[in-house]
Amino acid sequence: MYIKWKDYLMYYNEISGHEYTGGNVAILASEGFEEGSTFITFKQAIKLPGMSGKKMKGLKKAATLMIIKSKKDPETGEIKKLPSYFTVFDFQQVKQRIESS
């Protein structure tokens, strides 16, 4: 029986509940994160009670991931698909940083 990696490796965003898919799963798996690991973006982290940009200093980023965004060209009206990159952090590390302060 052939099982694709995307059928059993699941990684989530702790705040939104969004499940990461495609190449992002491969990136997180290659970084050694276990199935079910949760992540948080920098913007989400600094909005948490007790967290700030200064407290994020020194935390190792988990990975840089990508999504494809559609954007309308104002001159031609054509819809273009552009990559948008964002950094995620291991939520457990962020949580420990908040609790230790």
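**Strand pairing around E2 and the environment of Asp73**

In the predicted model, Thr41 has Val88 of strand E4 as its bridge partner. This residue pair belongs to the contact between E2 and E4, two strands that run antiparallel and are joined by three bridges.

Strand E2 also pairs with strand E1, which spans residues 12–13. Here the sense is parallel, and two bridges are found. Within this pairing, Tyr12 is matched with Thr38 of E2. The connection from E1 to E2 passes through helix H1, formed by residues 23–30, and the resulting β-α-β crossover is left-handed.

The side chains of E2, which covers residues 38–41, are divided between two directions. Thr38 and Ile40 point one way, whereas Phe39 and Thr41 point the other way. Such an arrangement follows the general pattern, because side chains in a regular strand alternate between the two faces of the sheet. All four of these E2 residues, Thr38, Phe39, Ile40 and Thr41, are buried.

A further site of interest is Asp73, located in the loop that links strand E3 (63–72) to strand E4 (79–90). The relative accessibility of Asp73 is 17%, and the residue therefore counts as buried, the cut-off being under 20%. Its side chain reaches the backbone nitrogen of Thr76 at a distance of 3.4 Å. When neighbours within four places in sequence are set aside, Asp73 is in contact with Glu78 and Lys80.

Definitions and conventions
Residues numbered from 1 in each chain as written. Predicted model: local features only at pLDDT ≥ 70, side-chain atom pairs only at ≥ 80, totals over all residues. Heavy atoms only, no water. Helix = DSSP H or I, 4+ residues; strand = E, 2+ residues; numbered from the N terminus. Buried < 20%, exposed > 50% of the residue type's maximum accessible area, 1.4 Å probe, protein only. Polar contact = N/O pair within 3.5 Å; in protein donor to acceptor, adjacent residues only side chain to side chain. Contact = heavy atoms within 4.5 Å. Pairing = 2+ DSSP bridges. Right-handed = clockwise from strand over helix to strand, strands pointing away.
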